[in-house]
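User: Pick one part of this model and take me through it closely, side chains included. Then follow the trail from there to whatever it connects with.

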Amino acid sequence: EGGAQGEHKMARALLPVVECGFGTVALIVNADVPAKTLKELIALAKSKPGHLSYASSGMGGLQHLNAEMFKQMAGVDLVHVPYKGTAQLLPDLIAGRVPMAIDSIPAHLPHIRSGKTRALAVASRTRSGTLPDVPTMAEAGLPGYETATNYTLFTPAKTPADIVALLNRETNAVLKMPEVVDKLTSLGIVVVGGSSDQAAARVPQEVERWAGVIKRG
């Protein structure tokens, strides 16, 4: 019911124009965490219920929901440590004061590459070109776990149809520019594009998915 109400409110206020892309999310741990794989991390968490903690950008944000879905699907008990954003949680993740996070990868890439943190799995359906050696959640032992940072362009719901069509057409053109594709890809963002109808179809799917996680949490 809550999800349906949220979807209804969004539908009244905003109109999807185009899905620009999806940012890659990864399960990232401090370099000193003894688990080297996702299965080992899950086993470690099950051996010490309520002992391991995870960082997020705050209550109710995507990182929080990512971890709650992980807890539900993996059957583990983790302690939530909310921060005000990725920039605030990074120092503690790098220092090991909090051992893990399930977050979009751009801000984490320098630290993953330097070895200060490790990505155990990406939450996309296929491997990321940015971290090609990191398995997907399904490959690592947690099939069905998928999440991503969604970048969709919206406009006020009363925007005229011809303006929406223009915005869609021009945004799609920009998303096809090689330099734009290269830049976004380097940040772990998969370019999507497409019609406004395709973007609109994604909204109820996302509402249903995260409403379920919240209700079970």
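Analyst: Let's start with a helix pair: Leu62, Leu65, Asn66, Glu68, Met69 and Gln72 in helix 3 meet Arg209, Trp210, Val213, Ile214 and Arg216 in helix 9. "Meet" here means contact, that is, heavy atoms within 4.5 Å. Sorted by type, the residues of this contact come out as six nonpolar, two polar and three charged. In that sorting, Ala, Val, Leu, Ile, Met, Phe, Trp, Tyr, Cys and Pro are nonpolar, Asp, Glu, Lys and Arg are charged, and the others, Gly among them, are polar.

Before going further, the ground rules. This is a predicted model, where local features need pLDDT of at least 70 and side-chain atom pairs count only at pLDDT 80 or more, while totals for chains, interfaces and linings use all residues. Residues are numbered from 1 along each chain as its sequence is written, and side-chain values use heavy atoms, with hydrogens and water left out.

Now the geometry. Helix 3 covers residues 62-74 and helix 9 covers residues 196-216; they pack at an angle of about 65°, with axes 10 Å apart. That makes helix 3 roughly perpendicular to helix 9 (65 to 115 degrees counts as such, under 35 is roughly parallel, over 145 roughly antiparallel, and the rest oblique). Each axis is a line fitted to C-alpha atoms over the stretch in contact, and the angle, from 0 to 180 degrees, is taken between N-to-C directions. As for handedness, helix 3 passes helix 9 in a left-handed crossing, meaning that the near helix is turned anticlockwise from the far one by less than a right angle. The element numbers come from DSSP runs counted from the N terminus: H or I of at least four residues for helices, E of at least two for strands.

Stay with Arg209, one of the helix 9 residues in that contact. Arg209 forms a salt bridge with Glu206, with the closest N and O atoms 3.0 Å apart. A salt bridge here is a side-chain nitrogen of Lys or Arg within 4 Å of a carboxyl oxygen of Asp or Glu. Glu206 and Arg209 both sit in helix 9, three residues apart, about one helix turn. At 29% relative accessible area, Arg209 is partly exposed (buried is under 20%, exposed over 50%, partly exposed in between, with a 1.4 Å probe and protein chains only). More broadly, side chains of opposite charge can pair when their charged atoms come close.

The model has six salt bridges by this rule, so here are others to compare. Glu139 and Arg127 pair up at 2.9 Å, N to O. Glu139 lies in helix 6 (residues 137-140) and Arg127 in the loop between strand 5 (117-122) and helix 6, so this pair ties together parts 12 residues apart in sequence. Arg127 is partly exposed at 41%. Asp92 bridges to Arg97, with 2.6 Å between the closest N and O atoms; Asp92 is buried at 18%, whereas Arg97 is exposed at 58%.

Back on helix 9, look at Ser196, which lies in that helix and is buried at 19%. Not counting residues up to four places away in sequence, Ser196 touches Pro16, Val17, Val164 and Asn168. Its C-alpha is 27 Å from that of Gly60, 136 residues away in sequence.

That brings us to Pro16, in strand 1 (residues 14-30) and buried at 10%. Setting aside neighbours within four places in sequence, Pro16 contacts Thr152, Leu153, Phe154, Ser196, Ala199, Ala200 and Val203. Ala201, another helix 9 residue, is partly exposed at 39%. The C-alpha atoms of Ala201 and Pro16 are 9.2 Å apart, although 185 residues separate them along the chain. For Pro16 and Gly129, 113 residues apart along the chain, the C-alpha separation is 27 Å.
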